[in-house]
Amino acid sequence: MKHLKLLSASLALSFTVLTGCQKETDSTLEPNAASQSTQQNATALEGTLDPTLTQLLKSDPQFRDMVRRALALEPTPCDDDTPLNQWLGTQLTDWTPGARTAVNSTAMTNLPTYDALLYENSPQNQYFGPNGEYTQRLTKAFKDLQRFWNIESEDIVLVAMHGNMLQNREKLIRTYVNAYGLSNASAAIYADRVINALKTYPELRNGNHPIFTFNAFALEGFTEEPFGTIPDKIVMGDGIMQAYTAIGYNDVAPQAILAHEFGHQVQFQLKLFPEGPSTPEGTRRTELMADAYSAYYLSHARGAAMQWKRVQQFLQVFVNIGDCSFTSTGHHGTPTQRLAAAQWGYELANNAQKQGHILSAQEFASLFEVELPRLVTM
Ligand SMILES: [Zn+2]
């Protein structure tokens, strides 16, 4: 089972495009959009319940009611017009119809993601941010996370996603061939369209517009032809970090996002993802848990040890990427729920009797499962 976990729901894309056959058309390339299954599969989560939770379910009717609501996913009050999304909107106001058509007809926004996913497999020569402005912090935080959580993490690879791959004809061609299943000849035509678009439309900023790299993700490694062996990896897009810098969270956002993605690597290893097709409530569960893993590490005295002012900032990092896509299998939780999950992780670290003790990743997950029904009523 392959897993690709993206930071936010807004640019969710399907992994199946990598293995499925992609139809070629002259005018438009559409990667398979994340399937919008509205199937409310309440049973999918039950097999993963923690024993403590199972016990509570049997004994406490009120708790049982909360769980039922969590599993059925009832929409809660939600507003995802966050400063981060507003900022991204302002970055798109100068896009001409020509630029929009060029971007859509070449599926340009997904190319850096696929390129990083398939071809960035080595930790060597990585830099983060268009000018390496996040390199030092991310490298340090990554080492720190490897030490903090008790999983096998030495083989996880941390790599960057840069929009400047859109200027590189060779990279464009190999991505069109392998991610979209195009022939070499068609891939070359599309690659030239991308390069032409960058020359024609200055608003695309030569590929360095944040929209092209507005995400981060964790991938569970796999071996499959024609891709070869892809290691467990975390990919950090320049655009999402630039966006947080622009709205005032430069101090904490890169580390918070990285720690969230590291939380997914913990989940891969501990097999915390439910089997079977994704559901909105299943995705929400693992995303909120990753937020909590992140907040616990960021606050813990032996983690990033962030003090209250920075805690308040990183809580806002999670608020900003909440979404209201209740029926989408890419639903990550509302801004309020993501805040609540991160706040819970922070409090767990901050209120611990023994500040020097780090919970095991498994213990942490068990505690989270008990807390989840409360978090999703918010
Ligand atoms: Zn995530």
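In this predicted model, and leaving aside neighbours within four places in sequence, L84 is in contact with A243, Y244, I247, N320 and I321. The protein chain that holds these residues has a secondary structure of 14 helices and six strands, and 46% of its 378 residues count as buried. Among contacts between residues at least 6 apart in sequence, 79% join residues at least 24 apart. The points below begin with L84, then turn to two helix pairs, to one helix on its own and finally to a loop.

**The surroundings of L84**

- L84 is part of helix α3, which covers residues 83–91.
- Because 26 other C-beta atoms lie within 10 Å of its own, and 20 or more are needed, L84 counts as buried.
- A separation of 156 residues in sequence lies between L84 and I240, yet in space the two are 9.0 Å apart, as taken from C-alpha to C-alpha.

**Helices α12 and α13**

- Helix α12, made of residues 308–320, packs with helix α13, made of residues 335–350, at an angle of about 145°, and the axes of the two helices are 7 Å apart.
- The crossing in which α12 passes α13 is right-handed.
- On the α12 side the meeting residues are V311, L315, F318 and V319, while α13 brings P335, R338, L339, A342, Q343 and Y346.
- Sorted by character, the residues of this contact of α12 with α13 come to eight nonpolar, one polar and one charged.

**Helices α5 and α7**

- Helix α5, residues 111–119, and helix α7, residues 169–180, pack at an angle of about 80°, with 10 Å between their axes.
- Because angles of 65 to 115 degrees count as roughly perpendicular, this angle makes α5 roughly perpendicular to α7.
- The residues that make the contact are L111, Y114, D115 and L118 from α5, together with K171, L172, T175, N178 and A179 from α7.
- In the contact of α5 with α7 there are five nonpolar residues, two polar ones and two charged ones.

**Helix α13 on its own**

- At 1.5 Å a residue, the 16 residues of α13 should span 22 Å, and since the C-alpha atoms at its ends are 22 Å apart, the expected and the actual span agree.
- The buried residues of α13 are P335, Q337, R338, L339, A340, A341, A342, W344, G345, Y346 and A349.
- These buried residues of α13 pack against three helices, namely α11 (280–299), α12 and α14 (361–375).

**The loop between α8 and β3**

- Most residues other than glycine have a negative phi.
- R205, although it is not a glycine, has a positive phi of about 55°, and R205 is found in the loop between α8 (184–200) and β3 (216–219).
- Because R205 has 17 C-beta neighbours inside 10 Å, R205 counts as partly exposed.
- N206 is likewise a residue other than glycine with a positive phi, near 55°, and N206 is found in the loop between α8 and β3.
- With 13 C-beta neighbours inside 10 Å, N206 counts as partly exposed, because a residue is called exposed if the number is 12 or fewer and buried if it is 20 or more.

Methods:
Residues numbered from 1 in each chain as written. Predicted model: local features only at pLDDT ≥ 70, side-chain atom pairs only at ≥ 80, totals over all residues. Axes fitted to C-alpha atoms, helices over the stretch in contact; angles between N-to-C directions. Helix = DSSP H or I, 4+ residues; strand = E, 2+ residues; numbered from the N terminus. Left-handed = near helix turned anticlockwise from the far one by under 90°. Contact = placed C-beta atoms within 7 Å. Nonpolar A, V, L, I, M, F, W, Y, C, P; charged D, E, K, R; others polar. Parallel < 35°, antiparallel > 145°, perpendicular 65-115°, else oblique. Expected span 1.5 Å × (residues − 1).
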